[in-house]
Amino acid sequence: MSNSTWNLIAPTLGNSDLKLFSSVALEWHNAPTLESCFSQWKKSVKEDIISPLSDLHVLCFNVRGLDYRWGEVVLLSTQHVSDIVVLTEVGRIDYSLAAAAFPKYQSFYQGGENRNGGVLILVRQGLSTIRHQCNVSNVCVIDILLEESLRIIGVYAPESKSWNWHDINPFVNHNCVLMGDFNIDLQEDKLKREVLLSWTDSHALSPIIPDGPTSLRSHRTIDYAFTSGVHLSLQTYQGDTTSDHLPLLGILACDGKEQALVLNDRGLLPDNQSGFRANHRLQSRVLLLIDQISSLMANSSPVCTIFVDFRSAFDQLWFDGCVGKLSRLGIPAAYVAWIKEWLTNRRGYIDIQGTCSRWFPIKRGGPQGSSLTPSVFITYHSDMSDAFPMAMSFLFADDVAATMAGQMGIKYTDQCIDLEKRLASFFDNLEYYSVLSVQPINYKKTHAMWTARAVSYPNPMPILKCGEHIISWTNQFKYLGYWISTKLGWSSLINYTLLKIRQRTTLVNTCKYAGVSSNEATNRPFACVFYMSEKSIPLSSVGRFYF
């Protein structure tokens with residue numbers, strides 16, 4: 001590099017960047033070939049740690065000889081998109097066969113004490129993995145490098161094993177999964193169970209039991225897992241197998257969000273539900289509602305839009321009804337059991353200025369602030385639209401907008417009468433659904449809006465009743481933060497936005513006239529001023545307020 005070029009570059013770089021640039025330039029000039037330079041640079045690049053966005057799919061299977069059932073394992077791992085495969089009782093391993101059968105996996109094998117034993121762990125390519133040296137037969141230990149290292153311990157524990165559980169102590173940590181064939185039924189084998197559970201209790205390992213027997217020969221549950229610091233759900237594979245053990249399918253989540261993802265990914269939520277779902281925008285739901293009303297009005301039919309508000313929606317979630325519906329929807333039993341345990345057996349108290357009430361049981365509602373509560377709520381109400389077949393429903397969590405029009409091809413007066421009948425039927429169904437789902441309606445905040453191309457509206461407007469409660473008519477409604485009027489224009493929203501801009505501008509000017517410097521305004525964005533007895537008191541004297 002010429003001195004003139006160096007003199008141009010050096011002043012623009014800091015000390016650390018200048019040293020790095022100097023070493024890179026020196027390596028470039030000193031390398032005999034381009035390939036040798038790239039090879040040297042590649043050694044300095046750290047391998048990226050790939051962390052899955054949601055969860056890891058796990059397959060655990062006692063194959064009773066991998067040579068006989070490698071094809072079945074390939075089909076299962078492909079069908080269920082397994083990220084981690086733990087195979088027990090694999091026998092002697094032909095590494096060339098394993099590499100050819102599982103080209104997308106890294107393989108880690110630990111031999112057994114006889115020709116039938118052995119554990120093989122397969123980890124999807126792209127997940128950085130480290131193996132730990134373990135001298136215990138039939139025990140394979142690896143670490144998967146996620147945001148926090150996750151330890152997987154594959155175990156095959158035949159009755160003839162020469163080691164005991166304490167031999168695994170050095171490999172158990174606070175963020176691990178121990179899974180495989182333990183050859184102990186935690187319900188029936190009382191003596192062996194106590195030895196195993198005493199050891200797991202000493203390491204704070206929680207048992208994760210599948211939803212049925214895993215041994216086809218003895219009808220016992222001897223394949224399962226223990227976890228510490230991670231969430232794992234297991235269920236038995238319901239298909240056919242040539243082994244005398246049923247495979248276990250699991251979902252492993254390091255961030256505790258796998259329950260919400262399962263609810264979304266199983267196709268249970270309707271397309272008209274946009275709340276708390278990825279790739280479903282609030283603005284799209286508002287535009288679809290306005291487009292639907294405009295389409296119905298284009299047929300010269302009167303249109304009525306009902307805006308339904310449920311009272312304290314998330315706080316009124318019915319536990320028994322929710323758990324029962326999730327089971328009927330086909331949610332795996334392990335997930336339903338987890339959600340039931342998460343919802344029930346909670347307590348609370350009221351604190352008023354330091355004075356606390358007695359503890360009382362919480363019998364309704366999901367935990368406040370949990371990301372799972374909205375997902376469970378919208379899944380519980382996933383069939384709400386089916387209760388109103390006479391209307392087109394638009395859902396955003398607990399906000400419901402339903403549109404319906406009068407019959408086409410008849411006189412406007414007859415259309416209005418027909419629409420009134422449809423409205424009566426709608427409110428009957430809404431009241432029935434509210435009682436059936438134990439989800440009370442906030443009648444005071446539930447409104448109806450009439451829109452039509454006709455010059456005149458019915459006079460008087462029809463009386464709408466939901467149960468014994470009167471539903472009021474309105475000319476405009478703020479739906480999901482956007483004002484919707486009978487004219488379907490944007491003037492209300494534009495005027496509201498202009499008013500907000502004027503308020504913010506006034507605040508800025510107030511700060512300017514009150515003598516607040518630009519630096520102070522930067523440190524205290526939109527600092528407010530209270531006005532008391534025609535005397536301005538800067539907020540700095542009493543507190544702060546931020547928009």
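Two strands count as paired when DSSP finds at least two bridges between them. Keep that in mind for the sheet I will describe in this model, which is a predicted one.

Six strands form an open sheet, and their order is 18-19-13-20-22-21, with mixed pairing. At its edges lie strand 18, residues 392–396, and strand 21, residues 464–466, each of which pairs on one side only. From one strand to the next, the twist averages 25 degrees. Take the edge at strand 18: five bridges join it to strand 19, residues 399–405, and the two run antiparallel. Within that pair, S393 stands opposite A402 of strand 19.

Now the chain as a whole. DSSP gives 14 helices and 26 strands. There are 547 residues, and 46% of them are buried. Of the contacts between residues at least 6 apart in sequence, 62% join residues at least 24 apart. The chain exposes about 30100 Å², with carbon and sulfur atoms supplying 54% of that area.

One helix deserves a slide. Which residues of helix 11 are buried? They are L372, T373, P374, S375, V376, F377, I378, T379 and Y380. That is nine of the nine residues in helix 11, residues 372–380, so the helix is largely enclosed by the rest of the structure.

Last, the cysteines. How many disulfides does the structure hold? Zero. C176 is buried, because its relative accessible area is 0% and the cut-off for buried is under 20%. C322 is buried as well, also with a relative accessible area of 0%.

Definitions and conventions
Residues numbered from 1 in each chain as written. Predicted model: local features only at pLDDT ≥ 70, side-chain atom pairs only at ≥ 80, totals over all residues. Heavy atoms only, no water. Disulfide = S-S within 2.5 Å. Buried < 20%, exposed > 50% of the residue type's maximum accessible area, 1.4 Å probe, protein only. Helix = DSSP H or I, 4+ residues; strand = E, 2+ residues; numbered from the N terminus. Contact = heavy atoms within 4.5 Å. Areas by Shrake-Rupley, 256 points an atom, 1.4 Å probe, with all protein chains shown as cover. Axes fitted to C-alpha atoms, helices over the stretch in contact; angles between N-to-C directions.
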